[in-house]
Amino acid sequence: MKQILPGATLGVLGGGQLGRMFCVAARTLGYRVIVLDPDDGSPAGHIADEHIKADYLDKAALDLLASRCDAVTTEFENVPAESLRYLANKTQVSPSAESLEIAQNRDHEKKYALKAGLNPAPYCYIQTDADIEKAIDAIGVPAILKSATLGYDGKGQAVINNVEELVSAYASMNKVACVLEKKIDLALEVSVIVARNAQGEAVSYPIAENQHRDGILHISAVPARIDDVLADKARQQALALAESMDYVGILAVEFFISGEGELIFNEMAPRPHNSGHYTKDACVTSQFEQQARMMCGLTPGDTRLTSPVVMVNMLGDLWDPDWASLLAHPEIKLHLYGKTEARPGRKMGHFNVLASDVEKALQVAQSAFEELRNSH
Ligand code: ATP
Ligand code: MG
C-alpha cells in the first residue's frame, strides 16, 4: 500500500464529536479534512476544511467525497456499509464495509469474537416469537435483551427476570432481531483500543476501567486497577480480534470482568471510542491521530501512557456549568464538542484529570464533577 502523506485530503463519514476530534488531529498532522454529514450544525463540520451536507446514501455526495479524498474513514458505526463499499471502488476506505457489518450486529460480532478465541457472555439470537422459550431456557435469568442492531448508550436494552418480561420486552422492541444474553455479575468493566494498518502492523493502548451511569459511560480511569496478567490478556485478545478481521483502523473492544475474575467480551466499536478520550492528554499518540495514521498506512504511533488519568464525561444534564471553577484546576484538560443544544444524556464534552496516580486522579475527578453539578 502506498502511504498517504501530509498535504493529502482525508474524508470522514459522520460529523459528531469523534469526527471533530479526528479533524483536529488530522489537521495538526497537516492533512486537509472533509466531513460528510447531513446535519448543518455538526460538531466536526465546524472544524473540517469542508463539510459536505448530505445523506450517507447520497451517491452524488459520495462521488464528490471520493473524488476529493485520498482516503476515507468513519466515525459513526451505523453508516450504511453499502456506502463504504461504494466508496471503496473509488478511493481507499478503512475500516472495510465487512468490518463495519460485523460490528453493527451483536450476533455477528459475538460469533466473530468466539472464532477469534474471545469469550462472549452466553447468548441466544431471537428472530421470531418461536425463539423466545428456547432462548430463556438456554440462558436463564436474569438476562438482558438487546436489539441486535442500532443500540448505543444502553438504548434498546431490557433486563429480563422471567418469560413474561421477555415476551413484553420483545414486543415493545417491535420484534426486531435481538440477542438475549446472560446478565453477568460485574466486578469491573474495561475496554481496550487497538490500531492496525493495512500492512498488518498493530498496537494496543493501556486498559481503561469504565464506570457507567444510567447506561452511559461516566468515567474511564487509566491504568485500570486490574492485575497485569488480566490486562495483558485483554490487550492480546483485542489484537487477536483485529487480526482475525484483517481490520484496518481503530477498533475499541469492551470487556466485562466477572466476580470470578473471568474476562468476558461485550462488544466492539469500529472507530475511536469514548473510553479512549484519555489518550488525548495522557498518551504519546491520541486515538484520533492514530486513526489518521492507520487510514494513511503510516507506522502506528507510540501508545505509551505518559500519566495516570481519569476521563469524565459531561452530559447535557450539567448545562450551563461554571467553566471558571473547572478551569481553575491546573491538572484538568477540558474538551468541548461545540454542540449548541444541551439535552439530558447528550454528550457535550469531557475533561481529563492528570495526576501522579489513578486514585488521586479519581479524587480530583469526582470533586470537580460534583462542583460542576452543583454550579449549573
Ligand atoms: P455503549 O454505546 O455505551 O457502549 P451499548 O448500548 O452498545 O452501550 P452495551 O455495551 O451492550 O450497550 O451495554 C451497556 C452497559 O450495560 C454495559 O456497559 C454494562 O454496564 C451493562 N451490560 C450490558 N450487557 C450486560 C451483561 N450481559 N451483563 C451485565 N451487564 C451488562
Ligand atoms: Mg457498550
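Hi everyone, let me open with a single residue: N174 has a relative accessibility of 66%, so it counts as exposed. Before I go on, please keep in mind that this is a predicted model.

So where does N174 sit? It is in the loop between α7, residues 163-172, and strand β9. The backbone there is worth a look, since phi of N174 is near 60°, a positive value in a residue that is not glycine. As a reminder, most residues other than glycine have a negative phi, and most peptide bonds are trans.

D214 shows a positive phi too, near 50°, and again the residue is not a glycine. You will find D214 in the loop that connects β12, residues 208-213, with β13. With a relative accessibility of 79%, D214 counts as exposed.

While we are on the backbone, let me turn to the peptide bonds. The bond from S94 to P95 is cis, with omega near -5°. P95 belongs to the loop between β5, residues 92-93, and α4, residues 97-103. A cis bond also leads from V222 to P223, and here omega is near 0°. P223 lies in the loop between β13, residues 216-222, and α8, residues 228-244.

Now back to the strand that follows the N174 loop. How many residues of strand β9 are buried? The count is 4 of the 5 in residues 178-182, so β9 is largely enclosed by the rest of the structure.

Which strands pair with β9? One of them is β6, residues 123-126, which runs antiparallel to β9 and is joined to it by 4 bridges. If you want a place to put your cursor, C124 stands opposite L180 of β9. Strand β7, residues 143-147, also pairs with β9 in the antiparallel sense, over 5 bridges. There, A143 has K182 in β9 as its bridge partner.

Let's move to the charged side chains. A search of the whole structure turns up 24 salt bridges, and I have picked out a few of them for today.

Let me begin with K175 and D129, whose side chains meet in a salt bridge at 2.8 Å, N to O. This pair links distant parts of the chain, 46 residues apart: K175 is in the loop between α7 and β9, while D129 is in the loop between β6 and α6, residues 132-139. K175 has 41% relative accessibility and so counts as partly exposed. D129 is partly exposed as well, with a relative accessible area of 44%.

Next come E181 and K146, which form a salt bridge with their closest N and O atoms 3.1 Å apart. E181 lies in strand β9 and K146 in strand β7, so this pair ties together parts that are 35 residues apart in sequence. Are these two buried or exposed? Both E181 and K146 are buried.

Then there are E209 and R225, with side chains that meet in a salt bridge at 2.6 Å, N to O. Because E209 is in strand β12 and R225 in the loop between β13 and α8, the pair ties together parts that are 16 residues apart in sequence. E209 has a relative accessibility of 5%, so it counts as buried, whereas R225 is partly exposed, with a relative accessible area of 39%.

One more item before I hand over. R27, R32, D49, E50 and R68 are linked in a network of salt bridges, so do bring them up on the screen. Thanks, everyone!

Note on methods: Residues numbered from 1 in each chain as written. Chains lettered and ligands numbered in written order. Predicted model: local features only at pLDDT ≥ 70, side-chain atom pairs only at ≥ 80, totals over all residues. Heavy atoms only, no water. Buried < 20%, exposed > 50% of the residue type's maximum accessible area, 1.4 Å probe, protein only. Helix = DSSP H or I, 4+ residues; strand = E, 2+ residues; numbered from the N terminus. Pairing = 2+ DSSP bridges. Salt bridge = Lys/Arg side-chain N within 4 Å of Asp/Glu carboxyl O.
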